[in-house]
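Got the viewer open? Here's a short route through one part of the fold, with something to select at each stop.

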Amino acid sequence: MNSAAQACRLLSGRYHLERVLGRGGMGRVYRARDLLHEQLGEPCSKVAIKLLDEPISQCPDAHVLLYSEFALTRSLRHAHVVRAFSFEVDTHSQVAFFTMELLQGVTLDRLLLECPYGLPWRELRPIAVQLLDALVYTHQQDVLHGDVKPANVMVGEEGVRLFDFGLGQAQAGAAMGLPSVSRSRFNAWTPAYAAPELLAGGALTAAADLYGVACVLYELAHGKRVGERASTVCLPRPAQLPRHCWVALQAALAIDPQHRSITVAELRHVMG
C-alpha cells in the first residue's frame, strides 16, 4: 500500500481503504467503504479510490496531475466508461484522491489468461463493439485515453467499462478549463499496446488510441500480443475473425500512423 495511505487507512474521515484492486503506471486503485453512506443506510456504500504512487505523489504538481485525470473522467457520461464521483484531499495526511464507481467483473487481461487461443467471434464481437463505442464517444468529447490495454477494460454483467484515464488528455484542454500537465515525463506507456510513435516520443493522438484498441482486439481474437515488429512483417489473421473485420483491423495496426487509413468510428462500424 502507498505509505501515506497505509498510515491513514481512513481518508477524509469517511473512506475506509480495504484492499488494492489494481496498479497502473502512476497510481493504485483501492476498494473502499464509504462510511457516511453506510451510516445513512445507502445500499451501495462501496467505491473505488485512486491515489498516486510515490515518488509521483511527491512531485510539485502531483495533485494537479491526479485532478486532471479526475476531470477528464468526470467529463464523460457513457454507459461503457467508468463514472467518477468526487476529488478530495485528506487534510491530515495531505493525500489527494478521487472516488469512482466500483466496477464488478473481470478485466480483459485476466479473461485472456483463461482464453489463451482467443475468444470465439460470438463472444468477441459484443466486447469489441462496446469498447469501440466507449472510445468513439471519448474522442467525440475531445478526450484521448492514452492507455487502452486489456488491464484497463472491465467486462461484467452490465457490459464493458473503459477506465484509467491517467495518461489521457483533452484535445481542447484550455477550452475545458483543465490544467495542462505533461505525462510524457513519467514514461508510463505500456509497450505492448502503445503506438510506435508514442514510444518514440511523439504526441498522443486519436491515431495512437486507435492503434492501442486494435492491439487489444487482435489479442482477444488471436490470444497473442501484437508485440514489436518490423513494418514489413505481416501479422497472421486470427481464424475466428471475419475477413472484412481483419482488413479493417490491419489498417488500424499500421506501424506508421499516416498509414492507419481508418478511424475508431469506422472500425466500430465494421466490427458491428
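Two strands count as paired if DSSP finds at least two bridges between them, and strands themselves are DSSP runs of E, at least two residues long, numbered from the N terminus. You're looking at a predicted model, where local features need pLDDT of at least 70, side-chain atom pairs count only at pLDDT 80 or more, and totals for chains, interfaces and linings use all residues. Numbering starts from 1 along each chain as its sequence is written, and side-chain values use heavy atoms, with hydrogens and water left out.

Select strand 3, residues 27-34. Six of its eight residues are buried (under 20% relative accessible area, 1.4 Å probe, protein chains only).

Now add strand 2, residues 15-23: seven bridges tie it to strand 3, and the two run antiparallel. To see one pairing, pick Val 20, whose bridge partner in strand 3 is Tyr 30.

Next, bring in strand 4, residues 46-52, which runs antiparallel to strand 3 and is joined to it by seven bridges. Here, try Val 29 with its bridge partner in strand 4, Lys 50.

Last stop: Glu 88, in strand 5 (residues 84-90). What is the nearest side chain of opposite charge to Glu 88? That's Arg 14, 4.8 Å away; Glu 88 is buried yet has no salt bridge (a side-chain nitrogen of Lys or Arg within 4 Å of a carboxyl oxygen of Asp or Glu). Show polar contacts (N or O pairs within 3.5 Å, one atom able to donate a hydrogen and the other to accept it): the Glu 88 side chain makes one with the side chain of Tyr 15 at 2.9 Å and another with that of Ser 86 at 3.1 Å.

Key. Buried means under 20% relative accessible area, exposed over 50%, partly exposed in between (1.4 Å probe, protein chains only). Helices (H or I, at least four residues) and strands (E, at least two) are DSSP runs, numbered from the N terminus. Lys and Arg count as positive and Asp and Glu as negative; His and the chain ends are not counted.
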